[in-house]
There are 2 protein chains.
Amino acid sequence: MGLDDRKLAVLRAIVEDYVATQEPVGSKALVERHQLGVSPATVRNDMAVLEEEGYIRQPHTSAGRVPTDRGYRLFVDRLSRVKPLSPAERRAIERFLVGAVDLDDVVHRTVRLLAQLTRQVAVVQYPSLARSSVRHLELVPISTTRLMLVMIADTGRVEQRLVELPGPIAADDVTDLRRLVNEKLVGTRLSETPPLVQALVDESVPHLRPAMTTLSTVLLETLVERHEERIALAGTANLTRGGLLDFQGSLRPILEALEEEVVLLKLIGEAEPSTTRVLIGDENEIDNLRAASVVSTGYGPGATIVGGLGVLGPTRMDYPGTIATVRAVARYVGELLAQN
Amino acid sequence: MGLDDRKLAVLRAIVEDYVATQEPVGSKALVERHQLGVSPATVRNDMAVLEEEGYIRQPHTSAGRVPTDRGYRLFVDRLSRVKPLSPAERRAIERFLVGAVDLDDVVHRTVRLLAQLTRQVAVVQYPSLARSSVRHLELVPISTTRLMLVMIADTGRVEQRLVELPGPIAADDVTDLRRLVNEKLVGTRLSETPPLVQALVDESVPHLRPAMTTLSTVLLETLVERHEERIALAGTANLTRGGLLDFQGSLRPILEALEEEVVLLKLIGEAEPSTTRVLIGDENEIDNLRAASVVSTGYGPGATIVGGLGVLGPTRMDYPGTIATVRAVARYVGELLAQN
DNA sequence: GACTGGCACTCGTCTGTAGCGAGTGCCAGC
DNA sequence: GCTGGCACTCGCTACAGACGAGTGCCAGTC
């Protein structure tokens, strides 16, 4: 593992040049474009060591070197500083996000902004219901046997479900139901609701019980358990940048993976507080994405995390720039949500 | 224009073979695979005429023939019968669509179903607000100066907006507001609301007027005028089928076009009642989609149309099959909405 | 008059060869 | 430990030739 400073500098230079030019980089070009202070031959020796250690490789014998996933990993961990954003980028972010009228709008703008700034595929998870608290529950009568249940979360998310009641219900009873569920559930986290919902059913007066039972089923099944998560996606056209070299020639697996909500959630939904996660190529658990890298982070008002966002691109990506942008956007979105 | 029956049969055979094999089709192969009852030489003469008329062309001199956009157009208009769906397909549609819990779910399932059945990119427009009527308006107090406006349309669409009031409002006043807007607006088409909303403001009692004014602004601006339309998309991975031959080698323009909601709406949103629209290649107004074809139709409960849906694929597409599938799916979705 | 078999021709594709050049590994020398 | 030099590798490009699918045309047949 004896990588001295110069070898690390060589690796850094290789990564930077390859990301910039998309072409395998040779020893001669390296010394010309970077002040390494040594000759190509010396660099070649260093390269041989780097290759032996698995940080770079040659696509073919007479070509220059290309970083491996492991090489990018080392680069990200030890050789790069997060680039500060340019004032222009900061301004772009602010300009893009002010004027959002509701959560849908915020998420939409964010995902497009992120795709535009990083020139990659952007993914934004709506604030997770699991991490939201109930702000209000509304029951709107649609017909005598149908209610529209509208749940408003503190994160701004609004979900609605149709509730098909077992029998007709009087307007007063709807009012009672509304009062009861709000008294019991407002302010609680959705992940903590199941026992409370059960209690609501158990404690309800007999003539409300059938309606309450149905209501609780809908609440639990569709809001707490089932596809509670939503995802926004933008920038798929960016996959076609860099010709067909990235992603080893086929966008197929990538596009397929991006169609699966489950996959996307896995990518960006497991954010730990205030960390930016970088998954490079093979580190990715999803087979279809073994040729791609993902940079993701959590966001939320203040220090709490309510959802994740990130970008996906070729392993040959500008990590420092991307990481900076992802973080900055996440921070701005957090602030926006906090104002709410 | 003297295209006799045999020439038309030749054109049909060329289209069918080319769609199936994706390779230019020659005279010899044609007579082998279709019962034309004549020799290759005769077919060649017919082909020469068809080429002169602009229905087919040769990619290069020593290759077979390929249909032109004009050829596909003739094929669609006069040479093909809409294929009846297989029982398996019918079953797939039914199975896929039952069990949808709400509109979001219906649209989501529909778009995926359509992508899967046609093996192309599917687009489904949510029921247009412009063609919806107001079923109910709900005002939920979020804080003393904030209301959540929830609009439920008869098509099942639910939209919510945050209303930032000019000053604090009492609970009773919210109740009054709610009653007033519902009295006035329930049952009206959204496209007809502007004068009614104005009347609401004009007629409201003085102490409610500021709140009503703000409310009306939100109603008009965000629900009636601005991005009232929503779109769901699926199956982009299908663009990569057929290698890079379709779409003349680059998915870029297609993917870019698919990211623009406006473009998608234009594609499928202009449906006339009960017609299936087929746009082939160059007939497309959007430059980025000149290499693609679009099959779209309207859907809605009963005879009314509330939105559009369709698919996008290479000009080399199975038109009869695609048209049949698009129609069938639209019909099923309409029935589903009618039950609501 | 319409169809057919035959034939010469075109031209894209494939294969093989040769030259070029970028890049390397190694080695002797400083 | 670094450097300059040198032989070597090998992908890329260009070019030539063989091949073959497919065509257009024409003379002959029904």
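Me: Which residue in E10(B) is the bridge partner of Thr297(B)?
Reply: This is a predicted model, where local features need pLDDT of at least 70, side-chain atom pairs count only at pLDDT 80 or more, and totals for chains, interfaces and linings use all residues. Residues are numbered from 1 along each chain as its sequence is written, while chains are lettered from A and ligands numbered from 1 in the order in which they are written. Strands are DSSP runs (E, at least two residues), numbered from the N terminus. In E10(B), Thr297(B) is matched with Leu309(B).

Me: How many bridges pair E9(B) with E10(B)?
Reply: Two strands pair if DSSP finds at least two bridges between them. E9(B) runs antiparallel to E8(B), with 5 bridges joining them. With E10(B), also in the antiparallel sense, the number of bridges is 8.

Me: Are the residues of E9(B) buried or exposed?
Reply: A residue is buried if 20 or more other C-beta atoms, placed from the backbone, lie within 10 Å of its own, exposed if 12 or fewer, and partly exposed in between. Ala292(B), Val294(B), Ser296(B) and Gly298(B) point one way, and Ser293(B), Val295(B), Thr297(B) and Tyr299(B) the other way. The rest of the structure largely encloses E9(B), because 8 of its 8 residues are buried.

Me: Which are the edge strands of the open sheet of 5 strands in chain A?
Reply: The order there is E7-E3-E10-E9-E8, with antiparallel pairing. An edge strand pairs on one side only, and here that holds for E7(A) and E8(A).

Me: What axis relates chain A to chain B?
Reply: Superposed by least squares on C-alpha atoms of residues with pLDDT of at least 70 in both, the chains match with an RMSD of 0.1 Å after a turn of 180° and a shift of 0.1 Å along the axis. That is the relation of a two-fold axis.

Key
Helices (H or I, at least four residues) and strands (E, at least two) are DSSP runs, numbered from the N terminus.
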